[in-house]
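This note is offered to a colleague who is meeting the structure for the first time. Its points may be read in order, with the model open alongside.

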Amino acid sequence: MLIATDCAQLSALAPSLFCLLLFANLDKFMVSSLNSQPTTATPFEHTLGTPLTKQPITVLQINLGRRCNLACTHCHVEAGPKRTEELSPQVCEQLVEIIRRFPQIETVDLTGGAPEMNYGFRPIAEAARVTGKTVIVRSNLTIFFEPGYGDLPEYFATHQLHVVASLPCYLEDNVDRQRGSGVYNASIRALQRLNHLGYGRIPKLGLDLVYNPPVPHDSNFYLTPHQANLEQAYKTYLKEHFDIDFNHLFTLTNLPIGRVKHSLQKKGLCQPYTKFLENHHNPNTVAHLMCRNQLSVDYLGNIYDCDFNQMEGVRSHLPDGTPISLSTLLQTNNLDVIQTIQTRPYCYGCTAGAGSSCGGALL
Ligand code: SF4
Ligand code: SF4
């Protein structure tokens, strides 16, 4: 068990832990390390006792590509400036057709990489807004300061895109350690620009922030902190220091995939961490899992149940086992073709504690 008496000690013991625990009740989030023999995680479906089934699709999440101006340590997409994978014009056309054809899609959620850097961002966002859908753009904020992207805040506001922005802490050192030098200051300036346009201040311009916990460095694992408490801490600090306003904070759990998995594997922590998540499985979260009503699309037009399955190459199937693509949806003229969601042991990251999703805690 980690024992520390003040925030400075905590910060020294584990990067970003200061941010995690500053306003939290330590007892709620600190969990004994798994020093006993690690065991393999139970298959997720065995724990559920039944296959995880799909509900009517209302959310289309599109991963436009792997290109990003940053290369964060926690990135499950393993995105970065050198990645070249992105949407093709043909896949873009299919997506626009699906957005137009299916009014049951209420939300189009654009992610990446930095979605703004990848082909198709603007045509897809505009097609979705014209048909009255909510469009979420998952922005890293620093993209505003890259050459050629300076007009993004105004573009977002003109089309009333809902901005969900990653800010893994409200303190500079912890953000720069996780995301790269200078990222914190650029993020603060970007948030001030968004506020100036009305984001986070007027109802039609939504601005949410995302908290990612630090990647575990040893076997002292922690559940993601209480979302409402941490949101209040972010709001107080950012308002007092920078006059920044935002709507909600989404707290996410690190799933053992992508760069997090590689980092855990190097330390022999991947299995213990997955088992830790399983040990904190909360059955009350299952009804709210984001994969229940979502389709996730990759830059090639393949369909998955969520972005995590997409990164692990676990495609969605028709009941006869045929992998699903955008062409399947257009040919069958039906979005509700998946019966059973593909699950893996990393799914425990979505059901541990209060649960986790692209929209934050589930409970
Ligand atoms: S900004 Fe987002 S997509 Fe880009 S590297 Fe960081 S976590 Fe990955
Ligand atoms: S990783 Fe999470 S969202 Fe994806 S299928 Fe598993 S439980 Fe659902």
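Which residues does Lys267 touch, not counting residues up to four places away in sequence? The first point takes up this question, and the later points turn to the chain, its cavities and its ligands.

1. On Lys267. The model is a predicted one. In it, Lys267 touches Pro216 and His217, leaving aside residues up to four places away in sequence. Pro216 and Lys267 are 51 residues apart along the chain, and their C-alpha atoms are separated by 9.5 Å. Lys267 belongs to the loop between helix H11 (258-266) and helix H12 (270-279). Its relative accessible area is 39%, so Lys267 is classed as partly exposed.

2. On the chain as a whole. The protein chain contains 15 helices and eight strands. Of its 363 residues, 59% are buried. If one takes the contacts between residues at least 6 apart in sequence, 74% of them join residues at least 24 apart.

3. On the largest cavity. A search of the whole structure gives two cavities of 30 Å³ or more. The largest cavity holds about 590 Å³ of space. Its lining comprises 32 residues, and those nearest its centre are His74, His76, Thr111, Ser166 and Asn212. Three elements give two or more residues to this lining: strand E3 (134-139), strand E4 (162-166) and helix H13 (307-312). Strand E4 gives the most, with three residues. Sorted by class, the lining of the largest cavity has 17 nonpolar, 12 polar and three charged residues.

4. On ligand 1. Which cavity does ligand 1 take up? Ligand 1 occupies the space of the largest cavity. The residues around ligand 1 are Cys68, Leu70, Ala71, Cys72, His74, Cys75, Ala79, Gly113, Asn140 and Arg179. By class, this shell has six nonpolar residues, three polar residues and one charged residue. His74 appears both in the shell of ligand 1 and among the residues nearest the centre of the largest cavity.

5. On helix H8. Arg179, one of the residues around ligand 1, also belongs to helix H8 (residues 172-179), where it is buried. The other buried residues of helix H8 are Asn174, Val175, Asp176 and Gln178. Gly180 follows helix H8 and has a positive phi, near 120°.

6. On the second largest cavity and ligand 2. About 100 Å³ of space lies in the second largest cavity. It is lined by 13 residues, of which Leu289, Cys291, Cys306, Cys347 and Cys350 are the closest to its centre. The lining divides into 11 nonpolar and two polar residues, with no charged residues. Ligand 2 sits in this second largest cavity. The residues around ligand 2 are Leu255, Leu289, Met290, Cys291, Cys306, Phe308, Asn309, Ile341, Gln342, Tyr346, Cys347 and Cys350. This shell has 10 nonpolar, two polar and no charged residues.

7. On Gln294. Is Gln294 buried or exposed? With a relative accessible area of 4%, Gln294 falls under the 20% limit and is therefore buried. Gln294 lies in strand E7 (residues 294-297). Not counting residues up to four places away in sequence, Gln294 touches Lys54, Ile57, Val59, Gln61, Asp305, Cys306 and Asp307. Cys306, in turn, is among the residues around ligand 2.

8. On two positive phi values. Most residues other than glycine have a negative phi. Leu141 has a positive phi, near 70°, and is placed in the loop between E3 and helix H7 (152-158). Leu141 has 0% relative accessibility and therefore counts as buried. Asp243 also has a positive phi, near 55°. Asp243 is found in the loop between helix H10 (227-242) and strand E6 (248-251). The relative accessible area of Asp243 is 44%, so this residue is partly exposed. A reader may wish to view both loops in the model.

Terms used:
Residues are numbered from 1 along each chain as its sequence is written. Chains are lettered from A and ligands numbered from 1 in the order in which they are written. This is a predicted model: local features need pLDDT of at least 70, side-chain atom pairs count only at pLDDT 80 or more; totals for chains, interfaces and linings use all residues. Side-chain values use heavy atoms; hydrogens and water are left out. A residue is near a molecule or strand if one of its heavy atoms lies within 4 Å of it. On a 1 Å grid over the protein atoms alone, a cavity is a set of points where a 1.4 Å probe fits but cannot get out, and a pocket is an open set with protein on both sides within 12 Å along at least five of seven lines; lining residues have an atom within 4 Å of a point. A molecule sits in a cavity or pocket if more than half of its atoms lie within 2 Å of its grid points. Ala, Val, Leu, Ile, Met, Phe, Trp, Tyr, Cys and Pro count as nonpolar, Asp, Glu, Lys and Arg as charged, and the others, Gly among them, as polar. Grid points are joined across faces, edges and corners, and a volume is the space filled by probe spheres set on the points. Helices (H or I, at least four residues) and strands (E, at least two) are DSSP runs, numbered from the N terminus. Buried means under 20% relative accessible area, exposed over 50%, partly exposed in between (1.4 Å probe, protein chains only). Contact means heavy atoms within 4.5 Å.
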